[in-house]
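This report describes the enclosed spaces of one protein model and the elements that surround them, and then turns to the chain as a whole.

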Amino acid sequence: MAEAMTAPSALEQTTMRRVTWRIMPFIMICYLFAILDRGNVGMASLQMVQDLGMSKSAFGFGASLFFFSYFLMEVPSNLALQRFGARRWIARIMITWGIISAGMAFVQGQNSFYVMRFVLGAAEAGFFPGVLLYLTYWLPANYRGRLIALFGISIPAATFIGSPLGGLLLSLDGMLGLRGWQWLFIVEGVPSVLLGLVCLFILTDRPEQARWLRDDERAWLCAELERETASRPATTGQTGWGSFVHLLRNPYVWAMALACSGASAAGSVLGVWQPQFLKSFGLTNLETGLINSIPYGVACILMVLWGRHSDKTKERRWHTALTLLLISCGFLGVFVIHSLLGTVILLSLVLVGAYAFKGPFWALTSGWLGAGSVAAGLAMINAVSNLIGGGLMVNIYGSVLEATGNYGLALLPIAIVTIVGASLILLISRPRRAETLSTVVAKGA
């Protein structure tokens, strides 16, 4: 009897299948190009750093400026999306970041590199939390873990595809008078502009506006989402900037942001520095691109399976904490394993943890936030995690590496952050505390 009660109805199955196929493939492709355009600087660095005469620490600082402007603009961007609608705002984000990313091909030196990375971060800010917010408009809670993980597969998939593609584009060096790294930025930036234009025709802001759903499907989805919204804890009554101010005083939100910082640091640091790390084994640019893609390919598969298992078991706490501990184990292993094969295995463990983290963590977080605070809350957590994980840790890695020449020491701070993050997740989501936690977070107490 219990199974019959919990099994999805035929109407639910057809509705969610139609929603999934309408929304997920397109936003996954969009996010894939977002990651390509923010992370291709790692492959470009194999030529660009020498061309622009930058040191490792200067390159790390310039790469990290993306995350500082991203931090400043993320909450305003998500609130703008809530006001103007996802269709128009996501299109705006994509068109501007595509133009700026292609413009990276024309930087002339260290200072122009700094400016373009900062502007790129401001242009892209809000895309990831904006899509998370958009998915809460369309996905009932018991679908979010697997589909957020499916959306997140675009991150490792982008590098899985982009690393060998970057190696090939670098080989175009000299064609039409451009360096290979310039071709890389141009070829990978233009599709984002085109996808932004298509976005205006593909996305629908809310289920009640979806003419592509049957009347009964639209009615079921709207009723299910309204029921979940009504069951959430009451908020302070604040929305927009008011909810953001309340969240700033909430220690649980800061704890979640710090936990997310570990996974963000792992993905960001390896996205920027992993190609140079692997090339230190004596590989060519093309070999570096091919081998660099392997850990991301492994992560693509396992992150979806992890998110699906989290949904199936309805368990978020350990599914989130264990991924952070996996990251720390992978980074600490660099101290004892020094072969190319062993390093690739360790990097695979790290990236599986970094990306498998996303499904259960964001499903957990979106369930804790009240209806009025979800837009600001998702943006704040993601912004802080990107500032610490991307802005701070990318710089620390470059500075430690330049000072010591030791990759293990450069990765040690990230391992520490992930251990702290796992501890925080386990602490704030203890079973006895979980009953009241969502109320506390929603009210901004």
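In this predicted model, eight helices each supply at least two residues of the lining of the largest cavity, namely α2 (10–39), α3 (41–52), α4 (56–84), α9 (154–170), α10 (180–202), α13 (251–279), α14 (285–313) and α18 (374–404). Among these contributors, α13 provides the largest share of that lining, with eight residues.

The largest cavity holds about 470 Å³ of space. Its lining comprises 35 residues, of which I35, R38, I155, G267 and Y355 are the closest to the centre of the cavity. When the residues of this lining are divided by class, 16 are nonpolar, 15 are polar and four are charged.

A search of the whole structure finds three cavities of 30 Å³ or more, and the second largest of them encloses about 50 Å³ of space. The residues that line this second largest cavity are L132, L135, T136, L139, R144, I148, W362, S366 and L378. Two or more of the residues in that lining come from each of α7 (127–138), α8 (141–152) and α17 (358–368), and the largest share, three residues, belongs to α7. By class, the lining of the second largest cavity consists of six nonpolar, two polar and one charged residues.

The table sets the two cavities side by side.

| Cavity | Volume | Lining by class | Largest share of the lining |
|---|---|---|---|
| Largest cavity | about 470 Å³ | 16 nonpolar, 15 polar, four charged | α13, eight residues |
| Second largest cavity | about 50 Å³ | six nonpolar, two polar, one charged | α7, three residues |

As for the chain that holds these cavities, its secondary structure amounts to 20 helices and zero strands. The C-alpha trace spans about 65 × 45 × 40 Å along its principal axes. How does the radius of gyration of the chain, 21 Å, stand against that of a compact globule? For 445 residues a compact globule would have a radius of gyration near 22 Å, so the value of 21 Å found for the chain agrees with that expectation.

Burial and contacts complete the description of the chain. Of its 445 residues, 60% are buried, and among the contacts with a separation of 6 or more, 84% join residues that lie 24 or more positions apart. The chain exposes about 17200 Å² of surface, and carbon and sulfur atoms supply 67% of that area.

How values were computed: Residues are numbered from 1 along each chain as its sequence is written. This is a predicted model: local features need pLDDT of at least 70, side-chain atom pairs count only at pLDDT 80 or more; totals for chains, interfaces and linings use all residues. Side-chain values use heavy atoms; hydrogens and water are left out. On a 1 Å grid over the protein atoms alone, a cavity is a set of points where a 1.4 Å probe fits but cannot get out, and a pocket is an open set with protein on both sides within 12 Å along at least five of seven lines; lining residues have an atom within 4 Å of a point. Grid points are joined across faces, edges and corners, and a volume is the space filled by probe spheres set on the points. Ala, Val, Leu, Ile, Met, Phe, Trp, Tyr, Cys and Pro count as nonpolar, Asp, Glu, Lys and Arg as charged, and the others, Gly among them, as polar. The radius of gyration is taken over C-alpha atoms; the globule rule is 2.2 Å times the number of residues to the power 0.38. Buried means under 20% relative accessible area, exposed over 50%, partly exposed in between (1.4 Å probe, protein chains only). Contact means heavy atoms within 4.5 Å. Accessible areas come from the Shrake-Rupley method with a 1.4 Å probe; for residues, only the protein chains shown count as cover.
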